Structure formats: structure tokens, C-alpha cells
Amino acid sequence: MADQLTEKLTDEARLALAYTGPILRDALRIFFEFDSRIARIVSGTNEPMLGQMRLAWWRDTLGLPVNERPEGDVVLDALGAHWAGQESGLVALVDGWEHMLSEPPLSKEAAEGFAQGRVQGLAALTAFSGDDEKIEADLHNAAMIWALADAASHIAEESERATLMEVAQGVSPLKALPSPYRGVAVLGALGARSIASGGAPLMAGRGAAVVALRAGLLGR
């Protein structure tokens, strides 16, 4: 199913998948696909109410039993196949992205809500390996830095980018993540590098590959 999905993944997402343990790789791939789909809804919305209605459709649909959902959308079908029972994390992701539809400029509260929603989506991966209590805080920090840095690198308004980076400055230093979660470690390390460089794209410059390699091998 995962190789049939159609959303275009970023280079950092592909690197993260390469360093993710087999038990989590399909779930993470589909998370990226879903995150990309929701991001396109938000970025392509000129009228916030219309965007909210489209997000509400996803929220409501994910609340249905898998066998009662519409068929034929490859991302929705893949979520049903690989994320059944963990939809709360996906709904949190939708809720997080909805903060980006708030009245500009982006407030610190909206930036935090946005990032926390994406973090809860990624944190749901722990349910697939049973490691939730052991690595929850460390996984949260890496995911938070990635979520904020990724948004900062794509936002044009300087004051909003500064807000995202201000929130990122309050995240605790990254710690090593165990082998199955090295993909999230890659995202966190690249995100920290991006924040340190003023919100540059996560894969900008030759040093990005070195940072990703180190995190993929060592966990941070």
C-alpha cells in the first residue's frame, strides 16, 4: 500500500524513512503523506472557513470505523490499513494544522498549538512499538523542533517565522532516540540546524547530509 501513495515527500522525509526501523517505516511514511495532504489544504486556502470545512471532513471521517469510511482515496485507505486504532494522533495533527488558518499574524499560542498537533501525530508512532513511556519526552522534543523548523522554513512573513523560531527556542535540548525512531532523530537534528541558521530549509547546504547521517547513526 505505501508504495502506491502519491503525495510528494520532502528530501528530509525520505531520509527519515531510510533511518526508521522496519516496524515503524510504513506508519511513518503514511504519516508524512497525510501531513502533506493536510498542509496542501491549509496552504491552498484563501477563505479560512472553507479550509476549516475541509479539515472537518478529515476529522469526522477518521472518527468513523474503517469499514464505514469512503473508499478510493489512497491516503485515507492507507490510514485505515496502517493507523487503525491510532486515529487520535491523526486528528490531533488536523487540529494542529487548523491553527495555521487563524487570523494573521500567527500568534505564539497558534504556533505552539500547530506544532503540538503535529507532535501528537508523530508521537502516536510509539503505539506501534510499545515504547511510549520510555521515550515520550525525547521523541516529543525532536518532533517539536522539526515541526517548528519545517514551518519556519516555508513561511514568507518574517514576523511569523520569528514567532515559530521563538517557540522553538523554548524546546529542551535533543537527546538520543533508540534505533526504531532514528528517523525522528534525523528530523529533529535537521530542524535544530535549521533553527540555528535562522529558519533555512532543512536540507540546505552540504552540512545537512552530515547532520542527518550522524543523527541516523547515533540518534541525535
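A residue counts as buried when its relative accessible area is under 20%, as exposed when it is over 50%, and as partly exposed in between. Keep those cut-offs in mind, because L64, with a relative accessible area of 33%, is partly exposed by them. L64 sits in the loop between helix 3 (48–62) and helix 4 (74–82), and we will return to that part of the chain below. One thing to know before we go on: the model is predicted.

Let us start with the overall picture. The chain has 10 helices and 0 strands, and from the N terminus on its elements read α-α-α-α-α-α-α-α-α-α. The C-alpha trace spans about 45 × 40 × 30 Å along its principal axes. Does the radius of gyration agree with a compact globule, and what value does the chain have? For 220 residues a compact globule would have a radius of gyration near 17 Å, and the chain has 16 Å, which agrees. Of the 220 residues, 49% are buried. If you take the contacts between residues at least 6 apart in sequence, 69% of them join residues at least 24 apart.

Now to the packing of helices, beginning with helix 3 and helix 5 (87–98). Their axes come within 9 Å and cross at roughly 170°. Angles over 145 degrees count as roughly antiparallel, and helix 3 and helix 5 are therefore roughly antiparallel to each other. On the helix 3 side the contact is made by Q52, L55, W58, R59 and L62, which meet E87, L90, V91, V94, D95 and E98 in helix 5. By class, this contact has 6 nonpolar, 1 polar and 4 charged residues.

One of the helix 5 residues in that contact, E87, leads us back to the loop where we began. The C-alpha atoms of L64 and E87 are separated by 9.7 Å, with their positions 23 residues apart along the chain. Another loop to look at is the one between helix 2 and helix 3, where E47 lies. Like L64, E47 is partly exposed, since its relative accessible area is 41%. E47 and L101 are 54 residues apart along the chain, and their C-alpha atoms are separated by 8.8 Å.

Moving on along the chain from helix 5, you reach the loop between helix 5 and helix 6, which holds P105. What kind of peptide bond joins P104 and P105? The bond between P104 and P105 is cis, with omega about 0°. This deserves a look in the viewer, because most peptide bonds are trans.

Helix 6 (residues 108–123) brings us to the next pair, for it packs with helix 2 (residues 22–43) at an angle of about 155°, with the axes 10 Å apart. Helix 2 and helix 6 are therefore roughly antiparallel to each other, and their crossing is right-handed. In this contact L28, F31 and D35 of helix 2 meet R118, G121 and L122 of helix 6. The residues involved divide into 3 nonpolar, 1 polar and 2 charged.

R118 turns up again when we turn to A151, which touches F114, R118 and L164, leaving aside residues up to four places away in sequence. A151 lies in helix 7 (residues 132–154). Is A151 buried or exposed? With a relative accessible area of 10%, A151 is buried. A151 and R40 are 111 residues apart in sequence, and 13 Å lie between their C-alpha atoms.

Helix 7 also holds E136, which at 54% relative accessibility counts as exposed. From E136 to M53 the distance is 32 Å, C-alpha to C-alpha, and the two are 83 residues apart in sequence.

Our last stop is the pair formed by helix 9 (residues 182–196) and helix 10 (residues 207–218), whose axes come within 8 Å and cross at roughly 145°. Their crossing is right-handed. Helix 9 contributes R182, A185, V186, A189, L190 and R193, and these meet G207, A208, V211, A212, A215, G216, L217 and L218 in helix 10. Sorted by class, the contact of helix 9 with helix 10 has 10 nonpolar, 2 polar and 2 charged residues.

Notes. Residues are numbered from 1 along each chain as its sequence is written. This is a predicted model: local features need pLDDT of at least 70, side-chain atom pairs count only at pLDDT 80 or more; totals for chains, interfaces and linings use all residues. Side-chain values use heavy atoms; hydrogens and water are left out. Axes are lines fitted to C-alpha atoms, for helices over the stretch in contact, and angles run from 0 to 180 degrees between N-to-C directions. Helices (H or I, at least four residues) and strands (E, at least two) are DSSP runs, numbered from the N terminus. Angles under 35 degrees count as roughly parallel, over 145 as roughly antiparallel, 65 to 115 as roughly perpendicular and the rest as oblique. A crossing is left-handed if the near helix is turned anticlockwise from the far one by less than a right angle, and right-handed if clockwise. Contact means heavy atoms within 4.5 Å. Ala, Val, Leu, Ile, Met, Phe, Trp, Tyr, Cys and Pro count as nonpolar, Asp, Glu, Lys and Arg as charged, and the others, Gly among them, as polar. The radius of gyration is taken over C-alpha atoms; the globule rule is 2.2 Å times the number of residues to the power 0.38. Buried means under 20% relative accessible area, exposed over 50%, partly exposed in between (1.4 Å probe, protein chains only).
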